[in-house]
Amino acid sequence: MSNYHIKHLEEYYQVYRKSVRNPEIFWEEIAEEHFMWRKKWDNVLSWDFTKPEVKWFEGAQLNITENCIDRHLYTRGDKTAIIFEPNNPEEEAQHISYRQLHEKVCRFANVLKEKGIQKGDRVCIYLPMIPELAISVLACARIGAIHSVVFAGFSSIALSTRINDSNCKMVITSDGSFRGAKTIDLKGIVDDALEDCDGIESVLVAKRINSEIHMKEGRDHWLQPLLDEAYHDCVPEIMDAEDPLFILYTSGSTGKPKGMVHTTAGYMVFTAYTFKNVFQYREKDVYWCTADIGWITGHSYILYGPLCNGATTVMFEGVPSYPDFGRFWEIIEKHKVNQFYTAPTAIRALAKEGVKHVEKHDLSSIKVLGTVGEPINEEAWHWYDDNIGKRKAPIVDTWWQTETGGIMITPIAFCTPTKPTYATLPFIGIQPALMDENGKEIKGNQVDGRLCIKFPWPSMARTIWGNHQRYKDTYFSAYENKYFTGDGALRDEVGYYRITGRVDDVIIVSGHNLGTAPIEDAINEHPAVAESAIVGFPHDIKGNALYGFVTLKESGESRNHDNVRKEINQIITEQIGPIAKLDKVQFTNGLPKTRSGKIMRRILRKIAGKETSNLGDTSTLLNPEVVQDIMDNVL
Ligand code: PRX
């Protein structure tokens, strides 16, 4: 029996049991039957979480783009692979067939080679959501170059940090981007970033907004003429199963961003298998995930997972509010979208605008709805269910992370009965554990604890680029022999999981992971600032927003506070990007600290969230007197 496509709950339990009892046999069958290999593996899995080292399908050889493109050419050559929906609804959508995608990726791959990119080189991609983004990612994979996509909302400093961390040789960008009514000068941001990047040999520039930009002689090249000249076919580079496919940066609670390294075979198998099942994708369906390819959701569930299944995947350049708040629903109607996958923050923002925008559109094509990126609150869940799914489309609340590569805890559409705010059951092959404060696993139901995973899964990140020790310290040191997710969760009476949120100093704002340390570092660069601490507080639309407690130097006290507030946000925008701006800045006389000098964010979190009835024990503080003062001046 093929376990590739699960169709009902009984089957889920059956297949789940098999995947846990005999993981190697299970994954071997899935890999064997549904993918194209140049050489089969010698060993399905070897692992040791103490090192940590995990290898899936060792000895196998493949190219992921053959799986995503070439193998569909005979059966689905004319089928649309990617529908590109532009920012402006007046501009025509593009339908790129698998055959066209093949040619575009091959030409691009040949351009990369011609510019000196070889297997194993790192290529930074800093592009808006235009077809060149998808094509350049796949072109890198075609020739075995490691792509590092940086979300095009990050600042030049954030970009240069990422380029340098992984020693990229090339940047692929565009003259600019459209975002709603605005245009953004992407190339200018790249130019600023490259002032600090010695390793970049060439920059390829796609034309999108037709603006006048500076092209640096010898370094910068317009993309289109190179593509026009390039040969239309490119033999794929044969990769080992564990060769890196890409690096993707994610925020940590401390230090610089972590370049998570994903490898080839396991990532491919797991993203394809989860996509097919979670969304119950069928051959003629049109699937749309609204994420940006600059995040893991876009990598796994706009590109690799869907394309591996020969799906039609929509790529949207714009924002949900332009030209009005009906844009998402208009796109669903226009392309007859069957599976729609978005983030709670978008749902809340659209719900706030009322159902009038929804009612104008025919959403009857919708079969499955998905959500990802942060906990979804009950109200948003019901709004989505009532107004978008019309109570007929199951909502798959998918919990996973940049580090996990693919969906980990989730309902399977039409199989798993859903429950608002619950990600429900572990996906096939995933073995979660809840841990208590003493490092012991909490068994049984109706319990809560810290969420770990106790057995490897194929798409887990293998390391942090250039810093394996940090990988070990962050994920494998808190609990013996387990991967620690950084999230808290509870398990209800039937074994359903509900993710309760981060238990570390990562704050999720509008679905974006932000570490407190880099933001505090940025604030502390302001000449008037002595020290600062950032916490999250509940926000109706963003889920969490940022609250900064800032102590000024004596010399800074005379400064106009409103100006300092603005300047602080300006520095944050320059160093990280506008997504990390603070909603509130409170000036304090001091920050609560432990005797060892550590800032007690727990107390600040409660004050910012106006939950001051129980602040916990403050007697161990070095300076308990500051707490009352902070409470009295809370914003
Ligand atoms: O806290 C969890 C939250 O997002 C974190 C991972 O963020 P990132 O690496 O940016 O990946 C986001 C897209 C996969 C998790 O540690 N998170 C993600 N999905 C959910 C969630 N929290 C609750 N429910 C979810 N469905």
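Pro323 sits in the loop between β17 (312-316) and α12 (327-335). Look at the bond leading into this proline in the predicted model: the peptide from Tyr322 to Pro323 is cis, with omega near -5°. There is another cis peptide to find, this one joining Lys51 and Pro52, with omega about -20°. Pro52 also belongs to a loop, the one between β1 (43-48) and β2 (53-58).

Now to the ligand. Which residues come nearest to it? Of the 18 residues around the ligand, those are Asp397, Thr398, Thr402, Asp487 and Arg502. Start with Asp397, where a polar side-chain atom lies 2.7 Å from a nitrogen atom of the ligand. Asp487 reaches an oxygen atom instead, with an N or O atom of its side chain at 2.5 Å. Gln401 also points a polar side-chain atom at a ligand oxygen, and here the distance is 2.9 Å. How much of the ligand does the protein cover? On its own the ligand has 540 Å² of accessible area, and the protein covers 95% of that. If you want to trace the shell back to the fold, the elements that give two or more residues to it are α11 (296-308), β20 (395-398) and β26 (497-502). Sorted by class, the shell has seven nonpolar, six polar and five charged residues.

Next, follow the chain to strand β21, residues 432-435. In a regular strand, side chains alternate between the two faces of the sheet. You can see the pattern here: Pro432 and Leu434 point one way, Ala433 and Met435 point the other way, and all of them are buried. What does β21 pair with? One partner is β23 (residues 447-453), which runs antiparallel to β21 over four bridges. Within that pairing, Pro432 has Ile453 as its bridge partner. Another partner is β22 (residues 441-442), again antiparallel, over two bridges. There, Leu434 stands opposite Ile442. So far we have both faces and both edges of β21 in view, so let's look at the turns.The β21 and β22 strands form a hairpin with five residues between them, and Gly439 takes a positive phi near 85° in this hairpin. Move on to the loop between β22 and β23 and you come to Gln446. Gln446 has a positive phi as well, about 55°, although it is not a glycine. Is Gln446 buried or exposed? At 62% relative accessibility, Gln446 counts as exposed.

Another hairpin is made by β29 and β30, with three residues between the strands. These strands run antiparallel and are joined by 10 bridges. To get your bearings in the pairing, find Ala533, which stands opposite Phe549 in β30.

The β29 and β30 strands turn up again when you look at helix α17, residues 516-524. Which residues of α17 are buried? They are Thr516, Ala517, Ile519, Glu520, Ala522 and Ile523. What do these buried residues pack against? Their neighbours are the strands β27 (506-509), β28 (512-515), β29 (529-539) and β30 (543-552), along with the helices α18 (561-575) and α19.

From α19 (601-608), carry on into the loop that leads to α20 (625-632), where you'll find Asn623. Lys610 lies in the loop between α19 and α20 too. Lys610 has a positive phi, near 55°, in a residue other than glycine. How do these two loop residues compare in exposure? Lys610 is exposed, with a relative accessible area of 52%, whereas Asn623 is buried, at 14%.

What does Asn623 touch, leaving aside residues up to four places away in sequence? Its contacts are Leu591, Pro592 and Lys593. With Leu591 there is also a polar contact: the side chain of Asn623 reaches the backbone oxygen of Leu591 at 2.9 Å. Asn623 counts as buried because its 14% relative accessible area falls under the 20% cut-off, while Lys610 counts as exposed because its 52% is over 50%.

Methods. Residues numbered from 1 in each chain as written. Predicted model: local features only at pLDDT ≥ 70, side-chain atom pairs only at ≥ 80, totals over all residues. Heavy atoms only, no water. Near = heavy atom within 4 Å. Polar contact = N/O pair within 3.5 Å; in protein donor to acceptor, adjacent residues only side chain to side chain. Areas by Shrake-Rupley, 256 points an atom, 1.4 Å probe, with all protein chains shown as cover. Nonpolar A, V, L, I, M, F, W, Y, C, P; charged D, E, K, R; others polar. Buried < 20%, exposed > 50% of the residue type's maximum accessible area, 1.4 Å probe, protein only. Contact = heavy atoms within 4.5 Å. Pairing = 2+ DSSP bridges.
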